[in-house]
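Hi,

Here is the structure I promised to pass on. Have a look at it first, and my notes follow underneath.

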Amino acid sequence: MVQQSILNYDEMDSPVGPLTLVRTKDGLCAVSYGRMEDIRPTLTNWAKRYFLRADFERNPGLLEKEKAAFVDYFEGSIRWFDIDLDLYGSPFQQKVWKALLEVPYGETKSYKEIAEAINSPKAVRAVGGAVNRNPLAIIIPCHRIIGSNGTLVGYNGGLEIKRKLLEHEDADVIRRIG
């Protein structure tokens, strides 16, 4: 458990709705759909798992680079995020999240393919659980993970946002399923 006292955050509008970005002194640690006033309980519960004490403090200036990266992503001028990340999760979750970072822009992989990529081919359900707990929406591209039958399945932001993100990336799956 980390002795962090302040988690800095800011909000921004995006083509998929409002986003709340949270960072520690070391990097971005959470990106959530919605405004802080609506998602504070969820973020507070997440923070309690990893920090001895966590107070959220709005600090727009500290998150300028991260917000600019999201603007660039949605404008189509970048395909991956070059920002410092500060990941919190179990070793297995972090292994899954790192595998998700390897899924190229505009491409999709199945949960099974991710399980195989981390040398745990029988851990498909556990991979699904780790994907579900991804704290960095969009940056760790869990929206690129689909069912083994090629359909869009489960997404914390909702399937409509998943579809919009995949359409933005002109993903092959969107062309197949329409």
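K65 and E75 are the exposed residues on the face of α2 that points away from its buried side. Bear in mind that this is a predicted model. The buried set in this helix is E66, K67, A69, F70, Y73 and F74. Those residues sit on the same side of α2, because they span an arc of only 155 degrees around the axis. What do they pack against? The buried residues of α2 pack against the strands β1 (6-12), β2 and β3, and also against α6 (159-168).

As for the helix itself, α2 runs over residues 64-75, twelve in total. From first C-alpha to last it reaches 16 Å, close to the 16 Å expected at 1.5 Å a residue. Right after α2 comes G76, with a positive phi near 90 degrees.

Next, have a look at T24. You'll find T24 in the loop that links β2 (19-23) to β3 (28-33). Is T24 buried or exposed? With a relative accessibility of 1%, T24 counts as buried, since the cut-off for buried is under 20%. The T24 side chain also has polar partners: one of its polar atoms lies 3.0 Å from the backbone nitrogen of D26, and a polar contact of 2.5 Å connects it to the side chain of D86.

Then there's helix α3, residues 91-101. Its buried residues are Q93, Q94, V96, W97, A99 and L100. Among the elements covering them are α1, α4 (111-117), α5 and β6 (145-146).

Last, the largest pocket. Its volume is about 460 Å³, and 20 residues line it. Which of them lie nearest the centre of the largest pocket? Those are S32, T42, N132, N134 and N156. Two or more lining residues come from each of β3, α1 (36-50) and α5 (124-132). Helix α1 gives the largest share of the lining, with six residues.

So if you're opening the model now, α1 is a handy place to start: it contributes to the lining of the largest pocket and is also among the elements that cover the buried residues of α3. The same goes for α5, which gives residues to that lining and helps to cover α3's buried residues too. From the other end, β3 is one of the elements packed against by the buried residues of α2, and β3 also gives residues to the pocket lining.

Over to you!

Notes: Residues numbered from 1 in each chain as written. Predicted model: local features only at pLDDT ≥ 70, side-chain atom pairs only at ≥ 80, totals over all residues. Heavy atoms only, no water. Helix = DSSP H or I, 4+ residues; strand = E, 2+ residues; numbered from the N terminus. Buried < 20%, exposed > 50% of the residue type's maximum accessible area, 1.4 Å probe, protein only. Polar contact = N/O pair within 3.5 Å; in protein donor to acceptor, adjacent residues only side chain to side chain. Expected span 1.5 Å × (residues − 1). Arc of directions from axis to C-beta. Contact = heavy atoms within 4.5 Å. 1 Å grid on protein atoms, 1.4 Å probe; cavity = no way out; pocket = protein on both sides within 12 Å on 5 of 7 lines; lining within 4 Å. Points joined across faces, edges and corners; volume = space filled by probe spheres on them.
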